[in-house]
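Subject: Structure for you to look at

Dear colleague,

I am handing over the structure we spoke about, and below it you will find what I found when going through it. Please read the notes with the coordinates open beside them.

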Amino acid sequence: GMTLSSKITEAMERGSWVRKMFEDGKKLKDEYGVENVFDFSLGNPIVDPPAAFQAALKEVVDEPVAGKHGYIPNQGLPAARAKVAEYLSGRYAAEFALERIVMTVGAGGGLNVVFKSILDPGDEVVLLTPFFMEYISYVENHLGAPVMVPLADDFSLDLGAIEQALTAKTRAILINTPNNPTGTLLSQDDLDGLGRVLRAAEEKYGTSIYLVYDDPYGQLLYDAPLPDPFKAYGRTVFASSFSKDLGIAGERLGYLALDTNVEDGDLLTATFVFANRTLGFVNAPNLMQRVIAKLDTLEVELPEYRMRRDLMVEILREAGYDFVTPQGGFFIFPKSPIPDDVAFVAQVAKEHKLLLVPGTGFARPGYFRLSYSVPVEQIERSRELFKKVLEQYRL
Ligand code: PLP
């Protein structure tokens with residue numbers, strides 16, 4: 001008989017696009033050589049950690065601290081949490097304090113901690129398509145029910161559609177901005193409007209609804225002003241990480257933050273800490289927390305991504321692709337030239353050694369995702385290829 005859970009088997013199917021592209025890509029690279037494959041499918045940060053991070057890491061490694069490699073408090077080291085609170089205070093109008101920060105195993109670990117803490121079986125979490133497919137697992141891991149609502153065509157919020165999707169069982173809405181896969185940013189107006197819709201639903205149903213704000217691309221921001229979710233809505237849970245801004249995705253350090261005025265803040269924080277422990281994370285990486293604590297600032301400049309964004313946008317525009325110009329992160333999400341995005345992506349991989357991810361992998365068919373977190377010379381070399389592909393497929 002079957003030895004695996006049918007739920008996880010389904011989830012593996014659903015989430016298999018990025019991995020499938022990775023495996024196909026590896027085959028192509030082995031066969032034709034890396035330099036002959038145009039791989040725009042990956043989400044790994046291309047910019048190395050800043051010099052200050054490297055220096056702090058060396059110091060931390062050499063430091064004679066007792067228990068350097070031992071367990072630390074489940075909530076995280078106070079010095080690391082203080083650094084995060086200071087960073088958030090500089091960015092948002094709300095007040096932050098180390099008591100309300102929980103260090104986590106990436107934003108991914110943090111989101112699992114949040115859903116473990118707030119969901120009862122069958123509780124609904126609204127997800128906005130297109131979204132990072134892991135979100136479905138993060139909700140279902142804790143017996144929640146994902147409810148999908150499309151973003152508008154320009155990837156702003158469709159407040160009417162969100163309002164209609166909210167029910168007496170809605171426990172949270174999960175939003176991600178700057179967005180994977182679109183690279184677009186929600187405006188303050190959008191967030192304020194969402195706040196109003198959520199407060200009205202709380203009133204209508206007599207419930208509490210959380211705005212879970214997934215921010216790992218928050219510092220990869222090019223020309224739009226940073227929106228403030230804490231201003232828009234009181235019951236905001238902020239999840240972020242250092243994966244993309246410091247370029248340390250493999251080191252697995254992130255955090256959850258509540259502002260000091262949030263209702264039931266102490267209880268909520270204590271529950272996050274308990275969930276962090278009992279989900280088996282125990283504590284977020286000790287050594288990385290010590291490094292963070294040593295940095296003068298957690299703010300980083302990332303001109304490398306802006307430059308790639310500009311170049312990629314120029315190439316796609318010149319070729320005639322239909323897309324919304326990204327304002328952050330390192331992805332673009334153009335319309336697939338043919339309606340079947342899966343077929344399109346499979347064909348360009350085979351015919352042109354061009355690797356993309358189908359929109360279907362983000363619950364939004366009819367598009368493809370392109371990552372420009374790749375070497376600049378690869379982007380430059382792809383100019384003619386993107387033209388040729390569109391000419392070939394344009395209906
Ligand atoms: N959220 C989004 C939208 C992402 O794209 C990712 C990673 O790609 C994550 C969360 C998880 O990142 P991490 O756990 O490395 O912080």
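In this predicted model, helix H4, residues 78-91, lies across strands S2 and S8 and runs at about 115° to S2. Helix H10, which spans residues 265-278, also packs on the sheet and touches S2 and S8, but its direction makes about 15° with that of S2.

The two strands under these helices, S2 and S8 (residues 254-257), pair with each other in the antiparallel sense over four bridges, and Ile101 has Ala257 in S8 as its bridge partner.

They belong to an open sheet of seven strands, whose order is S2-S8-S7-S6-S5-S3-S4 and whose pairing is mixed. Because S2 (101-104) and S4 (145-150) stand at the edges with a single partner strand each, one side of each is left without a neighbour in the sheet. On average, neighbouring strands of this sheet are turned by 20° against each other, if direction is ignored.

H4 also meets a further helix, H11 (residues 286-294): the two axes come within 8 Å and cross at roughly 50°, which means that H4 is oblique to H11. The crossing of H4 and H11 is left-handed. On the H4 side the contact is made by Ala79, Ala80 and Lys83, and on the H11 side by Gln289, Ile292 and Ala293; by class, the residues of this contact divide into four nonpolar, one polar and one charged.

With best regards

How values were computed: Residues are numbered from 1 along each chain as its sequence is written. This is a predicted model: local features need pLDDT of at least 70, side-chain atom pairs count only at pLDDT 80 or more; totals for chains, interfaces and linings use all residues. Two strands pair if DSSP finds at least two bridges between them. Axes are lines fitted to C-alpha atoms, for helices over the stretch in contact, and angles run from 0 to 180 degrees between N-to-C directions. Two residues are in contact if their C-beta atoms, placed from the backbone, lie within 7 Å. Angles under 35 degrees count as roughly parallel, over 145 as roughly antiparallel, 65 to 115 as roughly perpendicular and the rest as oblique. A crossing is left-handed if the near helix is turned anticlockwise from the far one by less than a right angle, and right-handed if clockwise. Ala, Val, Leu, Ile, Met, Phe, Trp, Tyr, Cys and Pro count as nonpolar, Asp, Glu, Lys and Arg as charged, and the others, Gly among them, as polar.
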